[in-house]
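Colleague: Please take a close look at one part of this predicted model, the interface of chain C and chain B. I should like a connected account of the contacts there, followed by a word on the cavities.

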Amino acid sequence: MLRFAFNRLLQAIPVLLIVISATFFLVHSAPGGPFSADKAVPPEVIRALEAQYNLDQPLWQQYVSYLGDVLQGDLGPSFKYSGRTVNELIAAGLPATAELAMYAMLVALIIGISAGVLAAMRPNTMQDYLPMSAAMLGICMPSFLLGPILVLVFGIHLEWLPVSGWGDIPGDKILPAITLGTGYAAYIARLSRGGMLEVLSQDYIRTARAKGLSEPLIIFKHALRGGLIPVVAFLGPAFAGLLGGSFVVETIFQIPGLGRFYVQAAFNRDYTMILGMTVFFATLIILFNLLSDMLALWLNPKLRQQAGGES
Amino acid sequence: MKPQVSVSTASQLSAIILILTSSLLLGSCGSSENNVSKGNRTGTLHWGNGTEPQSLDPHIATGVPEHKIIIALMEGLVLKDRKTLEPRPGVAKSWEISDDGRVYTFHLRDNARWSNGDPHNAHDYVWSWWRALQPALGNLYAYMYFSIENAKEYYEGEISDFEQVGVKALDDLTLQVTLKNPTPYFLQLLDHYSLYPVHQATVEKFGSADQRGTRWTYEGNIVGNGAFQLRDWKINRRVVVERNPYYWNADNVRLNEIVYYPTENAITEERMFRAGQLHYSGTVPADKIATYQSNNDPALRIDPYLGIYFYRINVETPQLQDKRVRRALGMTIDRDQLTQRILKAGQIPAYAITPPGTMGYYPESDLRFDPEAARQLLADAGYPNGEGFPSTEILYNTSEGHRKLAVAIQQMWKKHLNIDVTLLNQEWKVYLNSVSMKDYQIGRAGWIGDYVDPNNFLDMFLCNGGNNRTGWCNPVYDELILKHAPEAKTQEERLEIFTQAEKMLLADMPVIPIYIYTSNNLVDPSVKNFSGNILNQPSFSEIYLEPDNGGQQ
Amino acid sequence: MDRLQAMEEKGSSLWRDAWIKLSKNYLALFGLGVIALLCIVSLLTPWIAPYGYEEQNLMLGATAPSLEHWLGTDIFGRDMLTRIMYGGRVSLMVGFIATAVALVIGVLWGAIAGFVGGRVDAVMMRIVDIMYALPFMIFIVLLMVVFGRNILLLFLAIGAVEWLTMARIVRSQVMSLRKQEFVEAAYSLGLSQWTIIRRHIIPNTLGPVIVYTTLTIPSVMLLEAFLSFLGLGIQPPESSWGLLINYGVETMEEYPWLLIFPGVTLSLTLFALNFLGDGLRDALDPRTSKD
């Protein structure tokens, strides 16, 4: 397994290089520069700004020097937030986003797996239909809809929880975590139900049943491991998605996280910020996909021989 | 790693889950006092501030959120009355204007101090204005200085000696400013943050004078001369300012703190206001306004705003080259319906580009809603009943408000002129690119005045004006604005010249005026001395907090 | 072994069996019925819609449901029922076509990577990683600049993001199947690779694929709204369910019907799809046939 992880990390190097290069040229060819504004910007100001951020050099030269900086861990200065570095901005946004993603994942896993397993135990009964219908509702409830509804009900009408903030007022983390987690809970419920049904119809489970083992024992000891494989494959991208895709929730609840930075950077054509965030997210995605693949191997020992051969 | 999920790992897992869940829920119980009532006790104003400020350097910043913070931290020679916007003494306790209106002599207060206790004097202005005119600094508001003698020439490199620019410190407390022409709005400009002074020692401590993006504006570094000083700046979270004990009028400042919240989303901000997390919100979603109005909620404050919403027409588009077509388009927008049924916040239908009443200026306009005459104009231009008129596109940047207006106007033109119009929304930067490249046919636009004078609106449409972007060019118009107006002997004569110019603009109609903005504010009733004005500029040094029904809560 | 041979014999009739099983599943039939109805309504909309989708009445404004306007009107006084019907044309088309694009690419990509394994797998999955990491918004804006505004581009853009997760799921499923006894048995029986893929791998991955597909369709419909905000996709006065819901959220307190009706329509579609998907999955599952 260690060799597997090592190989994958080696592969990460070209992947990151391609991501950086592709993004660099994508971003620079997008219409609208970082300094265009509503009021016309005089040409001498544009020149001064471009000189300041080395944008007056040929593109390839900018590319080479950017790569050099990235190798040293320097993601450059932000164009929009004058005086801040991208490293500084990411460091400022990461804690809130990571914490939010963790709580959301927790909500998603607890609700999702229990609903999925419950449903799979008695397929095509009420025990199946109820949690699965709830899951469907969860999927059609995008966070931009669920968030405001929760805020209106619990924040404004009942006044139980704060309507926004992050760590400012006690309890202000609950609604964002639920909002972000629900969609993923729904996916996980569907996937784990599917996976469990798949496993429960396998021969070894039938054998276990024939031996007269109790149902909970069968579920938890034998079935869950295989049944959660589809969930695990989903977890890697999902967690990366939670980190990067929390933009909507961060905006609704006024959370100082990375998602807002990323989207603002794209809207502002803050080149270094977009690049820096992309590099950062790419690294996370690679790591989480690796982790999720390793978890899948761990849950399914049969795959491991094959993985050993993967180079 | 063990290949099996043993019972012990499962229980460990559930233990971890339990701990995490409880940490999430922890502290959710127990009543918490909301920001507003707590702030009323401690003298802390909670202010919804739009977006995260990009910079607090007054010579670099450009946006409204930045403006609201900078005016708390810094101050110019002159302040404005919070209601009438008349000039009031600021750092300068008095001033004289020469008879020809060109030389201003300011007498500074001897008790003016920087927030670190340093003396604040006339030399600070000479240095700061020199800095603001360094091209390398990239000051977008450099043109605010151009009424000063030789400032434009210096900025554009025609002269290199700053001594020739009309700013001189006669002694420590006397500053003399010489203007190119008499400029009736010059005192107003002094209250614009681009003419604020900065603290030389601090700026130079963190970089050279003309260097952008140094760290001098961060908490712990920045030194200002305003009623407040920066205490805390957490990106995307809050900016906190507290009272500045060295401020010359510190005894009369009644707020202890202002907390600015960067909320990009107007709907979120409105909910925060309703939940008592904010004293003030500066953006009210259009559909919420009706609700506040029907409840007679005193929190809603609507005031006219010095800004115009209009459509630019790219006059190089073949079917829009004929001014009769452009007039016809302008005459078939039912502005009363737009403002009453869609915008709903008391916006004023606009029939000219300059908002009426700007420095006593009331534009004369023959533009009105007249579908009958418009159809005739269109027919004269060769499109009877809209026949043969090519499909035309309205470009707007993605936003709910722009969309609504465009959808309604599209339908009005279809109904009254029988022409087909399509809509195209573009993301902000793409839209800016399209408009400045003139890659559009009809484009949504807005202009907010920097100072209260018709010149600020009308010089947009000079032939090579950077903000013209319509391709319309009229040398006679240029001469009126650039030559005749500045040289006018009296204010009446000057306004008459503007009237003449604006008539020319409206007759050719490269731009279709639509409505005059209003500022829509939500202000908690406990906030006193908040006065609406056409620049929507609060006076933080005068605001104080006092709940009306002190007994409650 | 017996099962394997049994499956071999009836492999060709897999689809017919599935249809017989599906027709006994009432929920799935209900789902199928709803989808069919929605498609028919969408096709006929230009003839049966009560009003024009762009017909405004500013003086009327937003009104609650009434006899003239069964589902109320929006702030322009436009009939909501009509707008939802027209919106369905866009949303259903985008939902089905873009999901189909994602499905085809994702399943093929994942199946090949999972089945071939080794270096091929590594390269293919790293490409997926790269695609995940690219900034989607910038990509869309560029697509628009280079190719202009085009509804085909919308399918392409949505397909380009949605196939990634599909590929990962299929791959992991295929890899686990490859090591199952019955597949190894098939190898030892000397069946060709293509036969194994067709007879054993594909039918056995159908379950998760169908489930994930029913999950993808709603997210695609909502993604369309986001792309329309960026300028790709459709422009006003046209509408789609995603856009109607987006607008509805903003005024949910003032004009709740603007949110509720498009929301209910979308949910109904998703429930129907879901029932149908579950039914299909059960019907296509080679193992349940023995029960």
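Modeller: In this predicted model, B:Lys288 and C:Glu253 form a salt bridge in which the closest N and O atoms lie 3.5 Å apart. The rule finds 3 salt bridges across the interface of chain C and chain B, and it also finds 11 residue pairs in polar contact there, with both residues at pLDDT 80 or more. On the side of chain C that touches chain B, helix H9 (193-230) and helix H10 (241-250) each supply at least two residues; H9(C) gives the most, with 3 residues. By class, that side of chain C divides into 12 nonpolar, 6 polar and 6 charged residues.

The contact as a whole takes 26 residues from chain B and 24 residues from chain C. About 2300 Å² is buried between the two chains, and carbon and sulfur atoms give 52% of that area. Of the area that chain C buries against chain B, 22% is supplied by C:Leu58, C:Pro236 and C:Glu250, more than by any other three residues.

As for cavities, a search of the whole structure finds 6 of 30 Å³ or more, and the largest has a volume of about 180 Å³. Its lining comprises 16 residues, of which B:Arg403, C:Asp74, C:Ile75, C:Tyr247 and C:Leu258 are the closest to the centre. Helix H13 (400-417) of chain B gives two or more residues to this lining, as do helix H4 (80-116) and H10 of chain C. The lining of the largest cavity has 7 charged, 7 nonpolar and 2 polar residues.

Notes: Residues are numbered from 1 along each chain as its sequence is written. Chains are lettered from A and ligands numbered from 1 in the order in which they are written. This is a predicted model: local features need pLDDT of at least 70, side-chain atom pairs count only at pLDDT 80 or more; totals for chains, interfaces and linings use all residues. Side-chain values use heavy atoms; hydrogens and water are left out. Contact means heavy atoms within 4.5 Å. Buried area is the accessible area (1.4 Å probe) that two parts lose on being put together, summed over both. A salt bridge is a side-chain nitrogen of Lys or Arg within 4 Å of a carboxyl oxygen of Asp or Glu. A polar contact is a pair of N or O atoms within 3.5 Å; within protein, one must be able to donate a hydrogen and the other to accept it, and residues adjacent in sequence count only if both atoms are side-chain atoms. Helices (H or I, at least four residues) and strands (E, at least two) are DSSP runs, numbered from the N terminus. Ala, Val, Leu, Ile, Met, Phe, Trp, Tyr, Cys and Pro count as nonpolar, Asp, Glu, Lys and Arg as charged, and the others, Gly among them, as polar. On a 1 Å grid over the protein atoms alone, a cavity is a set of points where a 1.4 Å probe fits but cannot get out, and a pocket is an open set with protein on both sides within 12 Å along at least five of seven lines; lining residues have an atom within 4 Å of a point. Grid points are joined across faces, edges and corners, and a volume is the space filled by probe spheres set on the points.
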